[in-house]
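Trainee: Please pick one part of this model and take me through it slowly, with whatever surrounds it. I'd like to follow it on screen as you talk.

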Amino acid sequence: ICEESQLDKTVKKVYKMVEENHINILEYFIKPNDAINKMTDNTLLIITDCQGENLVSHPKVLKAAKHIAIIDHHRRGENAINNYDYLYNKPSSSSTVELIVEMYEFLEDEVIMEPIEASLMLLGIVIDTAHFIYRTSYQTFNVMARLQLFGADMSDVKKLLRDDFDEYSKKNNVTRTVEVYHEHFAISVCPEEEIVARQFLAKVSDELISLNNMIASFCVGRLDDHTVGISARSLGDVNVQVVMEQLNGGGHFNNAATQIQNVTIEEAKAKLIEVLKNF
């Protein structure tokens, strides 16, 4: 279920590539209102990589569904969907892609996949593991090998992840605002007047965690007129999921985030620093 106007930059790039070079895949896509109109009492809505009612991309579709299946690798939180028929939840997995590919061996029919589809699934693993730094296991690499049998190409993944020059410059400018708190926490902030994407905050925090002696990194930026986001990363010495949960967010041990309503960036940063005093 896809609404093009809601896609972030990377997914828009994917969508454009599909439109231009893989038009046959477009038949798999459907707009939210069309999906609702086609749903019956026997329709199964499959939700992947998410299980919070407040996080699904199309809440009206969720509300209309009589049968729900969830495949996710995030820890279940307070707002988790409970009226499901099927749940496969494994927080130790690198990504939801890993869980889906694991399920192939249990299907009666042979899975047929085009190389571009395999590459896009590989892209999901690369993003969720920050280029294989976080949460990888032997199963992660088994899944990658299986995707390569379908024709997944790492060069295609790299092309889709490239920044344009403006974003590259903006990322460098924000990274340069870094300040270190309690000797081991790196925090960068975006300009108050700039609206940024969650993915941008994630890229900056990924950069900051590579600094020597840092056990966790954070990037704070405005997501819209009323919301400030914080992206968090660690290499295992501190659980950033717990840090973000104290700010009503969540995620994983190494990779987490939160969104705070009706605050300035400096106020959000101050809340974060207050929480970090306990770590």
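Mentor: First, the naming: helices here are DSSP runs of H or I at least four residues long, strands are runs of E at least two long, and both are numbered from the N terminus. Bear in mind too that this is a predicted model.

Let's take strand E7, residues 227–234. Of its 8 residues, 8 are buried, so E7 is largely enclosed by the rest of the structure. Buried means under 20% relative accessible area. In a regular strand the side chains alternate between the two faces of the sheet. Now look at E7 from each side. One face carries Thr227, Gly229, Ser231 and Arg233, and the other has Val228, Ile230, Ala232 and Ser234; every one of these is buried, so both faces are covered.

Next, the neighbours. Strands of a sheet pair through backbone hydrogen bonds, either parallel or antiparallel. On one hand there's E6 (residues 216–224), which runs antiparallel to E7 and is joined to it by 8 bridges. The chain gets from E6 to E7 through a hairpin of 2 residues. To trace the pairing yourself, start at Arg222, whose bridge partner in E7 is Val228. Then go to Cys219, which is matched with Ser231 of E7.

Stay on Ser231, because its story carries on into another strand: its bridge partner in E9 is Ala257. Strand E9 (residues 255–261) is also antiparallel to E7, with 7 bridges between them.

Zoom out and you'll see an open sheet of 6 strands with mixed pairing, in the order E4-E5-E6-E7-E9-E8. At its edges stand E4 (179–181) and E8 (250–251); each has a single partner strand, so one side of each is left without a neighbour in the sheet.

For contrast, try a couple of loop residues. Arg162 sits in the loop between helix H7 (154–161) and helix H8 (165–175). With a relative accessible area of 52%, Arg162 is exposed. Together with Lys13, Lys158 and Lys159, Arg162 makes up a patch of positive charge on the surface.

A loop residue can be tucked away as well, though. Tyr104 is found in the loop between helix H4 (96–103) and helix H5 (115–128), yet Tyr104 is buried, its relative accessible area being 12%. If you want a ruler across the model, the C-alpha atoms of Tyr104 and Val240 are separated by 32 Å, with their positions 136 residues apart along the chain.

Terms used:
Residues are numbered from 1 along each chain as its sequence is written. This is a predicted model: local features need pLDDT of at least 70, side-chain atom pairs count only at pLDDT 80 or more; totals for chains, interfaces and linings use all residues. Side-chain values use heavy atoms; hydrogens and water are left out. Patches are made of residues with over 30% relative accessible area and no salt bridge: like charges are joined within 9 Å, nonpolar side chains (Val, Leu, Ile, Met, Phe, Trp, Tyr) within 5 Å. Accessible areas come from the Shrake-Rupley method with a 1.4 Å probe; for residues, only the protein chains shown count as cover. A salt bridge is a side-chain nitrogen of Lys or Arg within 4 Å of a carboxyl oxygen of Asp or Glu. Lys and Arg count as positive and Asp and Glu as negative; His and the chain ends are not counted. The place of a charge is taken as NZ of Lys, CZ of Arg, CG of Asp or CD of Glu. Buried means under 20% relative accessible area, exposed over 50%, partly exposed in between (1.4 Å probe, protein chains only). Two strands pair if DSSP finds at least two bridges between them.
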